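Biologist: Could you take a close look at one histidine for me, the one in the loop that follows the twelfth helix? Then walk me outward from there through the rest of the chain.

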Amino acid sequence: MNTKEILFNAFTMNCVGHIHHGMWTHPADRSIEFNSLNYWLDLARLLEKGLFDGMFIADILGVYDVYQQGIGITASESIQLPVNDPLLLISGMASVTEHLGFGVTANLSYEAPYPFARRFSTLDHLTQGRIGWNIVTGYLDSAARAMGHTQLMNHDRRYDQADEFLDVVYQLWEGSWQDDALLADKPHRRYADAQKIHEIDHQGEFYQVRGYHLSSPSPQRTPLLFQAGSSPRGIAFAAQHAECSFVNAASPSALKIQSQRLRQAAVATGRHPNDILIFMGISVIVAATEQEAKEKYHSYLHYASPEAGIAHFSSSIGVDLSAFELDEPIHSGDTRAIQSVSQTFNGWTRRQILEQHALGSRYPIIVGNPSQVADALIHWIDEGDIDGFNLTRILNPQSYQDFVDYVVPELQSRGRYKTAYHSGSLRQKLFQHSDRLPDTHPAARWRV
């Protein structure tokens, strides 16, 4: 009998419409308050009460302007527009929690590694080691244009740049300061030992960086590393760098194939199969009884916007789905957008995609009473060979409150959910080892 504890992140974004488009119109939804810090503090407190492992905050640069070749529905349904910087939320939420982790998405394609490394070291200090970085390279042409480029860089080429970016920040985080460089010795007026602070000198294809890391060693040094690529090049990148990987699949059997491919790729780089924790995106509608849960689901359909869902999806695959007839097969061809998604849905029709997006999203949805939801979650975990879920918000905060009230106690009664937080940093809580990256990780080679 499997007794592995299931991990959970709350999957959200610093905007109104994140995954389940149209639900912001529901009277009980608070998403339009996202500009208020209290909105985020309330959410952080709720998640810590429910013993969530983390809050996984998505982000994009650019806008969804592929569908109908404009931002009409993007603006009217607030499809991740407006969207605010997620990093600025973390200090406030960390101040009202003690254990909750924060996985923050940041697009490295338009960042300079030197100041970027300082921002994450600062957050690691302020959260006492509870920060993670979701590594993305972007997939929107609109972002490339806004940043002064003519179009998005080729898919695999973006990962080449990402490999070098990681190499630079690893040197800053792991190698610039020795552990005992910081003295804080008031009587002898020696705050730090200059002999133990090292200048990095990186001269590469994409980056030339010579300098000292501006932050002293933080609890984790390198933040916990998330990544979500499922293309062959994305898997190779994850196998090398990721500690947590975000995947999606239509069935547990398909999920298991993805999981095994990822773990085997990690082993091929010299890491262990369990060096990567695998999370799947999921949506849950739960109530005291099955009938009440079904009624809740059907009531939500009135507010959801399937068209907004496929407008989002159009940018994900880089194809204007409004240009296809309802029953015309869709073929994305060569795309610079999310390669794994576009290949998965080749040959679908717009009608099929609209039906799939009935609740404004293509994510799998579990509907039922606490026992039924727990059964389904455990089935995905055990049969799919994954470790946890990124739980979407359908309504905020109701989706998370219902989960905490109904599902958490049911999973705890089965021994599949923790009853208290483990101690230590985010990395230590999840892996039950040191605050720092293991020696099998490529960043370890830069340690002095």
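Modeller: H357 is buried, because its relative accessibility is just 2% and the cut-off for buried is under 20%. Keep in mind that this is a predicted model. H357 sits in the loop that runs between helix 12 (350–356) and strand 12 (365–368). Setting aside neighbours within four places in sequence, H357 is in contact with P306, G309, I310, F313 and R362.

Now for another histidine, H331. This one is in the loop between helix 10 (306–317) and helix 11 (339–344). H331 counts as exposed, since its relative accessibility is 55% and exposed means over 50%. If you want a distance from there, take P364: H331 and P364 are 33 residues apart in sequence, and their C-alpha atoms are 23 Å apart in space.

On to a couple of lysines. K296 belongs to helix 9 (residues 290–301). With 17% relative accessibility, K296 counts as buried. Not counting residues up to four places away in sequence, K296 touches I285, V286, A287, Q398 and D402. Its C-alpha is 37 Å from that of R427, with the two positions 131 residues apart in sequence numbering.

K256 is placed in helix 8 (residues 252–268). Its relative accessible area is 35%, so K256 is partly exposed. Leaving out residues up to four places away in sequence, K256 touches E383, G384 and D385. From K256 to I381 the C-alpha distance is 9.3 Å, although the two are 125 residues apart in sequence.

What about charge over the protein chain as a whole? There are 36 positive and 49 negative side chains, and the centres of these two sets lie 5 Å apart.

Next, the backbone. Most residues other than glycine have a negative phi, and most peptide bonds are trans. Here are some spots that depart from that pattern. The peptide bond from L81 to P82 is cis, and its omega is near 0°. P82 is in the loop between helix 2 (72–76) and helix 3 (90–95). Another cis peptide bond joins N396 and P397, this time with omega about 10°. You'll find P397 in the loop between strand 13 (388–392) and helix 14 (398–413).

Then come two glutamines with positive phi. Q68 isn't a glycine, yet its phi is positive, near 55°. Q68 is in the loop that links strand 2 (54–58) to helix 2, and its relative accessible area of 46% makes it partly exposed. For Q128, phi is near 60°, which is also a positive value in a residue other than glycine. Q128 is in the loop between helix 4 (113–126) and strand 4 (131–136). With a relative accessible area of 64%, Q128 is exposed.

If you were going to ask about cysteines, the structure holds zero disulfides. C15 is buried, with 0% relative accessibility. C244 counts as buried as well, at 1% relative accessibility.

Finally, let's zoom out to the whole fold. The secondary structure of the protein chain comes to 15 helices and 13 strands. A compact globule of 448 residues would have a radius of gyration near 22 Å, and the protein chain has 22 Å, so the two agree. Along its principal axes, the C-alpha trace spans about 70 × 55 × 45 Å. Of the 448 residues, 55% count as buried, and H357, where we started, is one of the buried residues. The accessible surface of the protein chain is about 18,300 Å², with 50% of that belonging to carbon and sulfur atoms. As for how the chain comes together, look at its contacts with a separation of 6 or more: residues 24 or more positions apart account for 76% of them.

Conventions: Residues are numbered from 1 along each chain as its sequence is written. This is a predicted model: local features need pLDDT of at least 70, side-chain atom pairs count only at pLDDT 80 or more; totals for chains, interfaces and linings use all residues. Side-chain values use heavy atoms; hydrogens and water are left out. Helices (H or I, at least four residues) and strands (E, at least two) are DSSP runs, numbered from the N terminus. The radius of gyration is taken over C-alpha atoms; the globule rule is 2.2 Å times the number of residues to the power 0.38. Buried means under 20% relative accessible area, exposed over 50%, partly exposed in between (1.4 Å probe, protein chains only). Contact means heavy atoms within 4.5 Å. Accessible areas come from the Shrake-Rupley method with a 1.4 Å probe; for residues, only the protein chains shown count as cover. Lys and Arg count as positive and Asp and Glu as negative; His and the chain ends are not counted. The place of a charge is taken as NZ of Lys, CZ of Arg, CG of Asp or CD of Glu. A disulfide is a pair of cysteine sulfur atoms within 2.5 Å.
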